[in-house]
Amino acid sequence: MFTAFQGLQLAMGAISAIGQMQAGAAAAGTAEQQAEQMEIDGVVKEAQAMENMAIRIDQYNDATATNDTIFSFMLGGAESTSIEAFKESERRVLVKDIDALGRNMNLEKGATKLAALVEIERGKNAQRASFFNAVSTMGNAYINMKKTVT
Amino acid sequence: MPVTRQQRQVTTRNIGVVNVDTGAEQVWQAVSRTADMFGEHAFKAAARQAKQTVEDRVQSMTNEDLFTIDPETGKYSNLNIPSSYGQIAADAHRTLIRQRFMNGIEDELKRVGQEYAGKYNSAQYKEMMSKHVQSMIKAAQKTDGVDTPFSAPLTDIGNEYVARTYAALRDREIAAAKKANENAAILGLYNLEQELGNLAATGQFGPTYLKKLGEFTQLNQALYESSNNAAQYVRNRKVMQGIEAVAASGRLSTMLGLSDDPVVVATAKRALEGDATAIMEITDDAIRNAVNTWFTYTGGKGGDAVIRSIEGVAQRGDEATQAKLTEQFDAMPAPTAGTTLAEIHQQVMAIKNVVPEASPEELALLSSSRVMMALQVHAKDFDGQALTAFADDLRSGEFKKSRKFFNNPDQVEAMFDAMSEADKATLNKSISERYTTTSRLESEKEQGLIGELKLCVIGY
């Protein structure tokens with residue numbers, strides 16, 4: 001004998017399952033958007049790193065020009081081997097700095113990308129979990145309904 | 001003017017990650033939780049409803065439904081859980097049907113037990129009930145004979161019920177048999193009391209009297225051992241003593257009436273008047289013993305009645321009682337050849353019921369008179385010569401010769417033939433003792449002795 005209470009059990013089970021499915025979908029959507037935000041943040045950080053490299057090069061150029069002016073004034077336009085050695089040393093420092101900045105930029109870019117991918121995966125997994133929960137809820141409602149059959 | 005070199009002052013700043021969670025997931029989770037809550041309530045309500053439905057169904061089953069046997073399987077058909085039932089309904093059914101079955105077992109056993117108890121004795125009841133219980137157990141077992149939750153308790157309850165009710169039934173039967181025996185003993189004692197009373201009232205103290213007295217004593221003893229009723233036993237003993245007192249009085253008056261020794265009679269009269277010392281002065285052993293016995297049973301009371309009896313003066317009641325007795329006596333049907341002594345006694349006892357104030361002596365006199373009338377129908381004549389011849393015949397043991405004194409000789413001869421040798425010897429001795437002085441008796445007394453003699457014959 002099928003009763004109204006048993007119908008209500010099934011209906012509530014279905015609603016609960018739909019709610020869980022929707023919650024999963026919402027979690028997945030949120031994760032995707034979060035990943036997009038992370039990628040945007042990564043782009044911004046890349047831009048920052050580029051700018052930092054440019055600033056470093058500008059500083060080097062400024063310092064080199066200043067040094068050349070002072071050295072020219074002091075030597076009256078003559079060339080000096082020691083000054084050349086100093087310049088070479090300064091250039092090496094610049095290269096190392098630019099290299100370090102570039103490396104940091106690449107690492108950060110990779111980390112950001114990975115975090116975005118992880119976030120997307122987390123959202124997908126949350127959706128999958130919601131699906132299984134929904135299936136469990138529906139099954140439970142059905143089993144409970146069957147338990148009360150007379 | 002110095003040259004000013006400008007440095008970069010504006011760079012890109014970190015903007016951070018914006019949290020894009022809008023709360024949609026929480027909304028749907030809330031929807032789900034709410035639905036779960038309602039679903040849980042619906043489940044509980046449906047479970048209650050299922051239990052109630054099953055309970056109503058099980059309770060509405062009658063005992064007959066419960067113990068209905070499927071003719072195909074030979075098993076109880078309504079104990080199994082219906083296949084359509086869910087788990088909750090099945091659990092409820094399992095629990096309730098077991099309770100119902102356990103309660104029903106006793107009712108079912110009572111129903112069948114009452115039927116069998118009305119039909120059979122305890123032994124048959126036990127056999128039939130044991131068979132019924134076995135059939136119930138079999139019907140509750142699985143088809144392969146394995147016990148079920150229904151058959152296991154049935155074995156214990158059924159066997160215990162049969163044992164208990166069988167014991168009760170057997171005890172009841174024993175009690176009923178004992179009661180029947182007691183009732184039979186009481187009835188027997190009553191009949192013996194009547195018979196002994198009649199024998200004593202009519203002066204018959206021969207072997208029959210003694211035999212019945214012995215039976216009375218034995219029966220009273222057996223009744224006491226069976227019923228443990230001391231009051232009844234004492235009452236019967238008093239009755240017996242009363243009869244013995246009457247018998248002792250009658251026996252004594254007869255012996256004194258027949259005695260030809262005036263000294264012995266006078267001494268006995270003194271004893272009868274209350275002088276106990278006179279007993280030892282009586283020279284006749286038989287009479288002394290009789291007086292002694294009379295004293296034992298009566299305590300020395302009622303001696304004046306015996307004396308009056310000896311002197312031929314019957315104790316009489318008032319004139320009104322005499323008139324009633326005379327009226328009843330005249331109303332009695334005339335005796336015929338077929339009238340027996342027992343019938344006469346019954347008629348006299350019936351008069352006693354009508355005239356309860358009549359004394360035993362008056363009733364004895366009345367009874368003797370009726371017997372005389374009955375004997376007159378039988379006997380041809382009463383002259384002294386015939387009496388002497390009759391006595392001689394009897395004294396010599398020639399009983400068959402006496403037939404010539406009776407109008408219905410075949411009946412009298414048949415009575416003689418039915419007597420045992422011991423009874424014949426007793427009768428002969430009694431007649432011999434009584435008729436040694438016949439020739440000296442007066443006419444009236446002679447008539448009375450003829451009556452006594454013939455009464456002895458008919459009494460046997």
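Helices (H or I, at least four residues) and strands (E, at least two) are DSSP runs, numbered from the N terminus. The model is predicted: local features need pLDDT of at least 70, side-chain atom pairs count only at pLDDT 80 or more, and totals for chains, interfaces and linings use all residues. Residues are numbered from 1 along each chain as its sequence is written, and chains are lettered from A and ligands numbered from 1 in the order in which they are written.

**Exercise 1. Locate B:Lys51 and describe its surroundings.**

Step 1. B:Lys51 lies in helix H1 of chain B.

Step 2. Burial is assigned by counting other C-beta atoms, placed from the backbone, within 10 Å of a residue's own: 20 or more is buried, 12 or fewer is exposed, and anything in between is partly exposed. B:Lys51 has 19 such atoms and is therefore partly exposed.

Step 3. Two residues are in contact if their C-beta atoms, placed from the backbone, lie within 7 Å. With residues up to four places away in sequence not counted, B:Lys51 touches B:Ile88 and B:Ala92.

Step 4. The C-alpha atoms of B:Lys51 and B:Ala89 are 5.7 Å apart, although 38 residues separate the two in sequence.

**Exercise 2. State how many helices and strands chain A and chain B have, and what share of each chain is buried.**

Step 1. Chain A has two helices and zero strands, while chain B has 17 helices and zero strands.

Step 2. Of the 150 residues in chain A, 22% are buried; of the 460 residues in chain B, 28% are buried.

Step 3. Among contacts in chain A with a separation of 6 or more, 98% are between residues 24 or more positions apart. For chain B, 67% of the contacts between residues at least 6 apart in sequence join residues at least 24 apart.

**Exercise 3. Describe the side of chain B that touches chain A.**

Step 1. The contact takes 37 residues from chain B and 36 residues from chain A.

Step 2. On the chain B side, helix H1 (24-59) and helix H3 (87-119) each supply at least two residues. H1(B) gives the largest share, 19 residues.

Step 3. For the classes, Ala, Val, Leu, Ile, Met, Phe, Trp, Tyr, Cys and Pro count as nonpolar, Asp, Glu, Lys and Arg as charged, and the others, Gly among them, as polar. The chain B side then has 19 nonpolar, 13 polar and five charged residues.

**Exercise 4. Analyse helix H6 of chain B and the residue just after it.**

Step 1. The expected span of a helix is 1.5 Å times one less than its number of residues. H6(B), residues 207-227, has 21 residues and reaches 30 Å from its first C-alpha to its last, close to the expected 30 Å.

Step 2. Its buried residues are B:Tyr209, B:Leu213, B:Phe216, B:Asn220 and B:Leu223. Seen down the axis, they fall within an arc of 95 degrees (the arc of the directions from the helix axis to the C-beta atoms), so they line one face of H6(B).

Step 3. On the other side of H6(B), B:Lys211, B:Gly214, B:Gln218 and B:Glu225 are exposed.

Step 4. B:Asn228, in the loop between H6 and H7 of chain B, has a positive phi of about 60 degrees although it is not a glycine. Most residues other than glycine have a negative phi. B:Asn228 is exposed because 9 other C-beta atoms lie within 10 Å.

**Exercise 5. Repeat the analysis for helix H9 of chain B.**

Step 1. H9(B), residues 285-298, has 14 residues and should span 20 Å at 1.5 Å a residue; its end C-alpha atoms are 20 Å apart, which agrees.

Step 2. B:Ile287, B:Ala290, B:Val291, B:Trp294 and B:Thr298 are the buried residues of H9(B). Their arc around the axis is only 100 degrees, so they lie on the same side of H9(B).

Step 3. The cover over these buried residues includes H7 and helix H8 (262-272) of chain B.

Step 4. Just after H9(B), B:Gly299 takes a positive phi of about 70 degrees.
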